[in-house]
Amino acid sequence: MQADLYNLYVERLLKEIEELTKNRLLVDTQLKFTEKMNADLQTKVQELEAQLEKQVKKSSKKSATDPESSSLETF
């Protein structure tokens, strides 16, 4: 009787460990995916900010040389 109880306990313990391991792997994968997406989005934001800065400089130069042109024309 004692051996059956011990075997049942070990069996349930192993199932619980298996479930916890699956959950940890899932959360780990989600975290890595989120970090990768965050890095990609940060890169894209930097690219867009650089493009915007170029447009503003170009617009500023154009409006400085041609006072009749509007900075909104580039958008």
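A search of the whole structure, which is a predicted model, finds 5 salt bridges. Three of these contacts are described here one at a time, together with the helix that carries them.

A good place to begin is the pair formed by Lys 15 and Glu 11, whose side chains meet in a salt bridge with an N to O distance of 3.8 Å. This pair counts as a salt bridge because the nitrogen of the Lys side chain and the carboxyl oxygen of the Glu lie within 4 Å. Both residues belong to helix H1, where 4 residues, or about one turn of the helix, separate Lys 15 from Glu 11. Lys 15 has a relative accessible area of 51% and is exposed, while Glu 11, at 44%, is partly exposed. The two labels fall on either side of a cut-off, because a residue is called exposed when its relative accessible area is over 50%.

A little further along the numbering, the side chains of Glu 18 and Lys 22 also meet in a salt bridge, at 3.4 Å from N to O. Here too the partners sit in helix H1, 4 residues apart, so about one helical turn lies between Glu 18 and Lys 22. Glu 18 is partly exposed, with 43% relative accessibility, and Lys 22 is likewise partly exposed, at 46%. This pair does not stand alone: Glu 18, Glu 19 and Lys 22 are linked in a network of salt bridges.

Another salt bridge joins Glu 53 to Lys 57, with 3.4 Å between the closest N and O atoms. Once again the spacing is 4 residues within helix H1, about one turn of the helix. Glu 53 is partly exposed, its relative accessible area being 46%.

Charged pairs are one side of the story, and nonpolar side chains are another. Tyr 9, Leu 13, Leu 14 and Ile 17 form a nonpolar patch on the surface, and together these residues offer about 410 Å² of accessible area. One member of the patch, Leu 14, lies in helix H1, which covers residues 2–65. With 52% relative accessibility, Leu 14 counts as exposed, because that label applies to values over 50%.

The chain as a whole gives these details their setting. The chain contains 1 helix and 0 strands. Of its 75 residues, 3% are buried. The accessible surface of the chain comes to about 7,300 Å², and carbon and sulfur atoms account for 59% of that area.

Technical notes
Residues are numbered from 1 along each chain as its sequence is written. This is a predicted model: local features need pLDDT of at least 70, side-chain atom pairs count only at pLDDT 80 or more; totals for chains, interfaces and linings use all residues. Side-chain values use heavy atoms; hydrogens and water are left out. Patches are made of residues with over 30% relative accessible area and no salt bridge: like charges are joined within 9 Å, nonpolar side chains (Val, Leu, Ile, Met, Phe, Trp, Tyr) within 5 Å. Accessible areas come from the Shrake-Rupley method with a 1.4 Å probe; for residues, only the protein chains shown count as cover. Helices (H or I, at least four residues) and strands (E, at least two) are DSSP runs, numbered from the N terminus. Buried means under 20% relative accessible area, exposed over 50%, partly exposed in between (1.4 Å probe, protein chains only).
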